[in-house]
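Student: I'd like a close look at one part of this model, please: pick a single helix and its side-chain contacts, then work outwards from there. Go slowly enough that I can follow along in the viewer.

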Amino acid sequence: MLSLIALLTLLVSVGCNQSNPNQETNVEKSPQVQEAASTPSTQLVKTKVVTTFLPIYLFTKAVAGDAADVEILVPPGTEVHEYQATPSNVKAIATANVLVKNGLGLEEFLENTIKNAQNSQLVEVDSSKGIKPLNEISPVVSTVKKEKSHNHDHTTGNPHVWLDPVLAKQQVMNIRDGLIAADPKNQATYTANAGAYIQELEKLNSEFQQALQKKPNCTFVTFHDAYPYLAQRYNLKQVAVVQIPEDQLSPTDVQRVVNTVKKYKVKALFSEPGVDNKLLNSLSQDLKLDLQTLNSLETGDKDPQYYFQAMRLNLQTLESACK
């Protein structure tokens, strides 16, 4: 009889333990572990950064690395000067922590877009802060009436500062400081990443100096006023910017372009990637000048290293054209 009672007691005890298998585990969990388990996502939230167009994206992504999520508003290859904001741009800014822009009046679409986003917590970073802008340092020769041309009036100076590696360093430092101010917990990461990218920019500047010091006062004509900073830095002469539309021109218009190029005795004509303008090709043949490509970096790959690839190709083009 006693053994039967002992057996029943044992069965009841095992049954109770099986009905609540987690009981012992729950008791042993520390308060800290329970808190972390209840809020796992808090450790994964990254600072959200939106950038305006490709060069600024490249610089910002280089500095941010994996410490922040970086987006771009203007798709590469889209004309930033005349860009019209989309509802998705407004949404991106509304949910962002940081907005990084080139500045110098380039992103005209931003003012109203930021207002519509109504993000009172947004930190705005002007990457050209502290850079003294150039006004036109070469004459602009228009072949067409103003309303037909693709002229970009830069009231605050020429904004294409990213094409000078020395000024690009200043932009990277401004971006670094802006990200640190908005996200101080990742200061070490932003500082280290910016330092590495700046070293590459310094190396690139040295390469340009060494190669182009052998080509003093090389004269060239472009069809986009994007290169005055590059020209000034390395003693090149962008002697004219010729505005040419893609549609048909009269013989008088064509002759005006020919006269301009001959007047300045230029060594090179520079177009841009993706521009297939029959008039430019015809002009280069008539003038016995090669029509070569300079990249303003407004289109291309989103890898931060693309900046150096494109700029080294620009250097090769300048060396070849200025011989």
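Tutor: Let's start on helix α6, where Glu111 and Lys115 sit four residues apart, about one turn of the helix. Bear in mind that this is a predicted model. An α-helix has 3.6 residues a turn, so residues three or four places apart point the same way. Here the two side chains do meet: Glu111 makes a salt bridge with Lys115, with 3.8 Å between the closest N and O atoms. The cut-off for a salt bridge is 4 Å. Both ends are out in the open, with Glu111 exposed at a relative accessible area of 54% and Lys115 exposed at 53%.

Now look at what α6 (110–117) does for another helix: together with β1 and β2 (68–72), α6 is among the elements covering the buried residues of α5. Helix α5 runs over residues 87–94, and its buried residues are Asn89, Ala92 and Ile93. Looking down the axis of α5, you'll find those buried residues within an arc of 95°, so they line one face of the helix. Pro87 and Lys91 are exposed, on the face of α5 turned away from that buried side.

Back to salt bridges, since the α6 pair is not alone: the count comes to seven. One of them joins Arg233 to Asp164, with the closest N and O atoms 2.8 Å apart. That pair links distant parts of the chain, as Arg233 is in helix α9 (residues 228–233) and Asp164 in the loop between β5 and α7, 69 residues apart. The two ends are set differently: Arg233 is partly exposed at 34% relative accessibility, while Asp164 is buried at 2%. Another salt bridge brings together the side chains of Lys169 and Glu202, at 3.2 Å from N to O. This one also links distant parts of the chain, helix α7 through Lys169 and helix α8 through Glu202, 33 residues apart. Glu202 is partly exposed, with a relative accessible area of 37%.

The loop that holds Asp164 is worth a second visit for its aromatic side. There are eight aromatic pairs by count, and one is Phe53 with Trp162, edge-to-face at 5.0 Å centre to centre and 80° between the planes. Phe53 lies in the loop between β1 (47–51) and α4 (54–64), and Trp162 in the loop between β5 (140–142) and α7 (165–182), so the pair ties together parts that are 109 residues apart in sequence. Both rings are tucked away: Phe53 is buried at 2% relative accessibility, and Trp162 is buried at 0%. For another edge-to-face pair, try Tyr307 and Phe308, whose ring centres are 5.5 Å apart with planes at 90°. These two are both buried, and they join Phe59 and Tyr197 in one aromatic cluster. While you're looking at rings, check Tyr57 too, where the charged end of Lys302 sits over the ring, 5.2 Å from its centre.

Last stop is the disulfide, and there is one in the whole structure. The sulfur atoms of Cys218 and Cys322 are 1.9 Å apart, and the link is left-handed, at -80° about the S-S bond. Cys218 lies in the loop between α8 (187–212) and β6 (219–222), and Cys322 in the segment after α12 (306–321), so the pair ties together parts that are 104 residues apart in sequence. Cys218 and Cys322 are both buried.

Note on methods. Residues numbered from 1 in each chain as written. Predicted model: local features only at pLDDT ≥ 70, side-chain atom pairs only at ≥ 80, totals over all residues. Heavy atoms only, no water. Phe/Tyr/Trp six-rings, centres within 6.5 Å; stacked < 30°, edge-to-face > 60°. Helix = DSSP H or I, 4+ residues; strand = E, 2+ residues; numbered from the N terminus. Buried < 20%, exposed > 50% of the residue type's maximum accessible area, 1.4 Å probe, protein only. Lys NZ or Arg CZ within 6 Å of the ring centre and 35° of its normal. Arc of directions from axis to C-beta. Contact = heavy atoms within 4.5 Å. Disulfide = S-S within 2.5 Å.
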